[in-house]
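Work through the exercises below with the model open beside you. Try each task before you read its solution.

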Amino acid sequence: MSKARKTTARTTQTVRINGARVRLVTQNGKVTTIKAAPLEWELQAAAVRRLRGMDEYGRRFLLVGGMEAGRRGRNEAAKALATGLTAGHPDLTVFLLGGRCGFIEYKAANGRLSPEQTHRHAALRAIGHNVEVVKAVSEVECADATEALVRGWLAADNDNKKIGAFA
């Protein structure tokens, strides 16, 4: 007589409870909740809030977020492509003194670059731009990493002014 193997079905579902995203995990009839990882747009929004709060914002750098990842119908997608929207373009453009730009792509901790992003980032680097990918598990971690990146770019700008050249 063979023993029947007991299989334990495990299901997960992400929901909002009191405004917070949580994952409901059901296993062996028991339901537990764990905090859900933030979405990429939430990471980017936290980083933008942090950057806009910096003293240097508006004086030493500006920024603009891209909407390349937005979902569009066929007509809107055609308009977006015709007017220059480019697949794979980084999520955030940081305009620095001296006509330089830095680009930041945001990914959740387990996120990966798409082939279009890999190609676009390489093309931007080939013409001399900084392109960085920030992977984070929390909004605070993302904002900290983004602020550190921009402060590094601003410090490099200061160093270049001292020697009279831009990187």
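The exercises go from the whole chain to one residue.

This is a predicted model, in which local features need pLDDT of at least 70, side-chain atom pairs count only at pLDDT 80 or more, and totals for chains, interfaces and linings use all residues. Residues are numbered from 1 along each chain as its sequence is written, and side-chain values use heavy atoms, with hydrogens and water left out.

**Exercise 1. The elements**

Task: List the helices and strands of the protein chain in order from the N terminus.

Solution:
- Start with the rule: helices (H or I, at least four residues) and strands (E, at least two) are DSSP runs, numbered from the N terminus.
- Count them: the chain has 4 helices and 7 strands.
- Write the order: β-β-β-α-β-α-β-β-α-β-α.

**Exercise 2. The open sheet**

Task: Find the strand order of the open sheet and its edge strands.

Solution:
- Two strands pair if DSSP finds at least two bridges between them.
- The open sheet has 3 strands in the order 1-2-3, and the pairing is antiparallel.
- Strand 1 (10–17) and strand 3 (30–35) are the edges, as each pairs on one side only.
- Strand 1 and strand 2 (residues 20–27) share 8 bridges.
- Thr14 stands opposite Arg23 in strand 2.

**Exercise 3. The crossover**

Task: Trace the chain from strand 6 to strand 7 and give the handedness of the crossover.

Solution:
- Strand 6 (residues 100–108) and strand 7 (residues 130–136) run parallel, joined by 7 bridges.
- Gly102 has Asn130 in strand 7 as its bridge partner.
- Between these strands the chain passes through helix 3 (residues 115–126), and this β-α-β crossover is right-handed.
- Right-handed means that, with the strands pointing away from the viewer, the path from the first strand over the helix to the second runs clockwise.

**Exercise 4. The core**

Task: Which element gives the most residues to the largest nonpolar core?

Solution:
- A nonpolar core is a set of buried (under 20% relative accessible area, 1.4 Å probe, protein chains only) Ala, Val, Leu, Ile, Met, Phe, Trp, Tyr and Cys residues joined through side-chain atoms within 4.5 Å.
- The largest one has 19 residues; among those with the most contacts inside it are Phe61 and Ile104.
- Helix 4 (139–163) is one of the elements that give two or more residues.
- Helix 4 gives the most, with 5 residues.
- Now take Ile104: leaving aside neighbours within four places in sequence, its contacts (heavy atoms within 4.5 Å) include Leu92, Val134 and Trp153.

Note on methods. Buried < 20%, exposed > 50% of the residue type's maximum accessible area, 1.4 Å probe, protein only.
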